Amino acid sequence: MKKAIFVFTVLLTFSFQAQTKKWTLEECVDHALQNNITVKQSELDLEQSEINKKDAIGNFLPSLNGSASHSWNIGLGQDPVTFNPVTGTSKTLSLGIGSSLNIYDGLRNINQLHRSNLEILASRYQLDKIKDDVSLLVANSFLQILFNKEQLKVLQAQQVVSQQELERTNELVEAGVLPRGDLLEIQATIATQEQQIVNAENTVLLSRIQLAQLLLIQEYETFDIVDIDYQVPTTMILEQSPDAIVSKAKETRYDIKIAETNTKIAEDNLKISKGALQPTLSGSYNFGSSYFTSEFLLSADDFETQMTDNKSHNFRLSLNIPIFNGFASSNNVKRNKVNLERAKVQLEQANLDMETAVYQAYNDTKGALKAYEAAQKTLEAREEAFNYSRERYNVGLLNAFDYNQSQNRFEAAQSDVIRTKYDYIFKLKVLEFYFGIPITDIN
């Protein structure tokens, strides 16, 4: 009984901890990288590239094959050893082993091995790029939840203030200082705020569900993240020139590396196609023996004697010179030349896209910082205006409608500060990401 109670207590504790777990940004990113379907597909592509490399290595090795056959012949036949005719039922057993090796094939094996190494490298770059994209997407969803929660807190705080103003207005109305219409105006404001809070709560829930789906977590209702009030991080990134960030991005980001590797792969494909225009030389060796017996054969050597006496060795060198194959090889060379030029153009485009993306991120970050600073100044002014309006309202020098307008502008300023804050944080992280700083490094 004590053991049962202990087990029940442990299970209940684990269940409670699972329900109350709150995820950090690092945990979200790690979980996404381990479970994201696109990441898993890219890992399979990498595994496939490694298998292709083993195929390329195998092309350098000689082949080795064994053979065995057993045949029956009824009627007129021939002794495979003496070549004398025999009549009746005869049996023949043949055993052999053979090996062949490509001696020269236009260097295609070497180029195929080099290409397979590049394909592995390209697959790794692609996997890392996908992981970066997933990390950015998770970070954006994570910050969106924090932004929505901050918006909800602002609305809830303003509702508390409105409830206090409602009590104060009710006292002033009963004292005859304010008209009853002001009380109704405050009540209408509170009702609107309640509706806004419900909408904000739904927005928080939907953003949590969106991140949970991104992480492939089924427990939508219990999923939540750590409530961290991220302050605007201090950074030196904006002191860097856009050109310096572009140079760093080309060293660290995988878009350029993928395009460069694909260009090298296209060069190897061209070399392989040109190799098909050259002669090929191959060699082979075969060893075999046989055993023959017939019911009308008066005398026959035993199995061991025949297998020893009937041994044969065969050596062969084969030279194949391509002369004409319907333009297939020459057209393949031309096709790979076009693919190489296309890869070079794609590399050039990747460099241009990287420069554009960095400059855009740089300008977006600077603009977001200015917007955040302006929103802070606006908030300070709106807060002073609201406090002044509240003082005037409390002494009956301002009607409820004008007071509510001042309060709405103050609430809008608070929301704008939160919006610009998280917008700046995310855009800053994107810019730092181009500079090689991990997305999870948020102070």
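**Exercise 1. Classify E50 by exposure, then find its charged partner in this predicted model.**

Step 1. E50 has 33% relative accessibility, so it counts as partly exposed. The class runs from the buried limit of 20% to the exposed limit of 50%.

Step 2. The side chain of E50 forms a salt bridge with that of R124, at 4.0 Å from N to O.

Step 3. Place the two residues. E50 sits in helix α3 and R124 in helix α4, so the pair ties together parts that lie 74 residues apart in sequence.

Step 4. Check the partner. R124 has a relative accessible area of 41% and is partly exposed.

**Exercise 2. Analyse the salt bridges R419–D416 and D423–K427.**

Step 1. Read the distances. R419 and D416 meet at 2.5 Å, N to O. For D423 and K427 the value is 3.3 Å.

Step 2. Look at the spacing. R419 and D416 are 3 residues apart in helix α10, about one helical turn. D423 and K427 are 4 residues apart in helix α10, again about one helical turn.

Step 3. Assign exposure. R419 is partly exposed at 43%. D416 is partly exposed at 28%. D423 is partly exposed, with 28%. K427 is partly exposed, with 26%.

Step 4. Set these in context. The count for the model comes to 15 salt bridges. One network links K22, K149, D224 and D227.

**Exercise 3. Decide whether R208 is paired or unpaired, and describe its surroundings.**

Step 1. R208 belongs to helix α5, residues 180-214.

Step 2. R208 is buried, yet it has no salt bridge. The nearest side chain of opposite charge is D224, 4.0 Å away.

Step 3. List the contacts. Beyond four places in sequence, R208 touches I145, Y220, E221, T222, F223 and D224.

Step 4. Follow D224 onward. D224 takes part in the salt-bridge network with K22, K149 and D227.

**Exercise 4. Map the largest nonpolar core and locate L215 in it.**

Step 1. The largest core has 51 residues. Those with the most contacts inside it are C28, V138, F142, L211, L215, F223 and Y434.

Step 2. Identify the suppliers. Helices that each give at least two residues include α2, α3, α5 and α10. The top contributor is α4, with 13 residues.

Step 3. Examine L215. Leaving aside neighbours within four places in sequence, L215 contacts C28, H31, A32, N35, V138 and F223.

Step 4. Look beyond this core. Another core, of 19 residues, lies apart from it and includes L172, I186, I190 and A375.

Terms used
Residues are numbered from 1 along each chain as its sequence is written. This is a predicted model: local features need pLDDT of at least 70, side-chain atom pairs count only at pLDDT 80 or more; totals for chains, interfaces and linings use all residues. Side-chain values use heavy atoms; hydrogens and water are left out. Buried means under 20% relative accessible area, exposed over 50%, partly exposed in between (1.4 Å probe, protein chains only). Lys and Arg count as positive and Asp and Glu as negative; His and the chain ends are not counted. Contact means heavy atoms within 4.5 Å. A nonpolar core is a set of buried Ala, Val, Leu, Ile, Met, Phe, Trp, Tyr and Cys residues joined through side-chain atoms within 4.5 Å.
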